[in-house]
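Here are some short exercises to work through with the structure open beside you. Try each task before reading its solution.

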Amino acid sequence: MSIRPIILALALSISSSALAQTTAENQIVGTWRMMSATIDPGGKNIAAYGKSPNGLLVFTPDMRFVEVLTDADVPRFASNARGEGTDDENRMAMSRNIGFFGTYTVDEKGEFSGNRVDGATFPNWVGSVRTRDDLRLIVDGDRMTEQFRRPEGTEIRIEWQRVK
């Protein structure tokens, strides 16, 4: 019996267990449903996406994400055609709904560490990079809290529930 295969097997075993200790499971991967969203301008705590917030946040294992946040109470367009809304209809839809996607990172503990927006319904976000200093995602079991500040200082807080 050769000792070489035994040493190789032992070395692989040690290196794989060391890797497992330094790289934790990605805590945010999966699909999340928005439970609530609040905005706090000047100390007020109001619903950010109306009384019926509706949204999904998906983090894929290949480090991509998509987030869509909607206010279910936004009135339908009278024309029934997306490109033919009135100024008021378009303004309402733009101000109370958002969708964006891109890539994300997690740290060695599997916690969210940042993202980059590759596309968005709000064009100013395209190309933006946020770190956990700008955006916090805190997971507690099957619940996740998202917190960030708008450029003018208004704080947003979104509560998510993992979809099983």
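**Exercise 1.** How many residues does the largest nonpolar core have, and which of them have the most contacts inside it?

*Solution.* Keep in mind that this is a predicted model. Start with the count: the largest nonpolar core holds 22 residues. Next, look for its best-connected members, which are F59, M144 and W160. Then trace the elements: β1 (30–40), β3 (53–59), β4, β5, β6 (112–120), β8 (135–140), β9 (143–149) and β10 (155–162) each give two or more residues to this core. Strand β1 provides the largest share, four residues. Finally, take M144 and list its contacts beyond four places in sequence; among them are F59 and W160, as well as W32, L57 and I158.

**Exercise 2.** Is D71 buried or exposed? Find its surroundings too.

*Solution.* First locate D71 in strand β4 (residues 64–71). Its relative accessibility is 4%, and buried means under 20%, so D71 is buried. Now follow the side chain of D71, which reaches the backbone nitrogen of D73 at 2.8 Å. Leaving out residues up to four places away in sequence, D71 touches Y49, G50, S52, R96 and N97.

**Exercise 3.** Which residues make a nonpolar surface patch of about 230 Å²?

*Solution.* Search the surface and you will find V66, V68 and F101 making this patch. Place F101 in strand β5 (residues 97–106). Then check its exposure: with a relative accessible area of 44%, F101 falls between the 20% and 50% cut-offs, so F101 is partly exposed.

Key. Residues numbered from 1 in each chain as written. Predicted model: local features only at pLDDT ≥ 70, side-chain atom pairs only at ≥ 80, totals over all residues. Heavy atoms only, no water. Patch = residues over 30% accessible without salt bridge, like charges linked within 9 Å, V, L, I, M, F, W, Y side chains within 5 Å. Areas by Shrake-Rupley, 256 points an atom, 1.4 Å probe, with all protein chains shown as cover. Salt bridge = Lys/Arg side-chain N within 4 Å of Asp/Glu carboxyl O. Buried < 20%, exposed > 50% of the residue type's maximum accessible area, 1.4 Å probe, protein only. Polar contact = N/O pair within 3.5 Å; in protein donor to acceptor, adjacent residues only side chain to side chain. Contact = heavy atoms within 4.5 Å. Core = buried A, V, L, I, M, F, W, Y, C linked by side-chain atoms within 4.5 Å.
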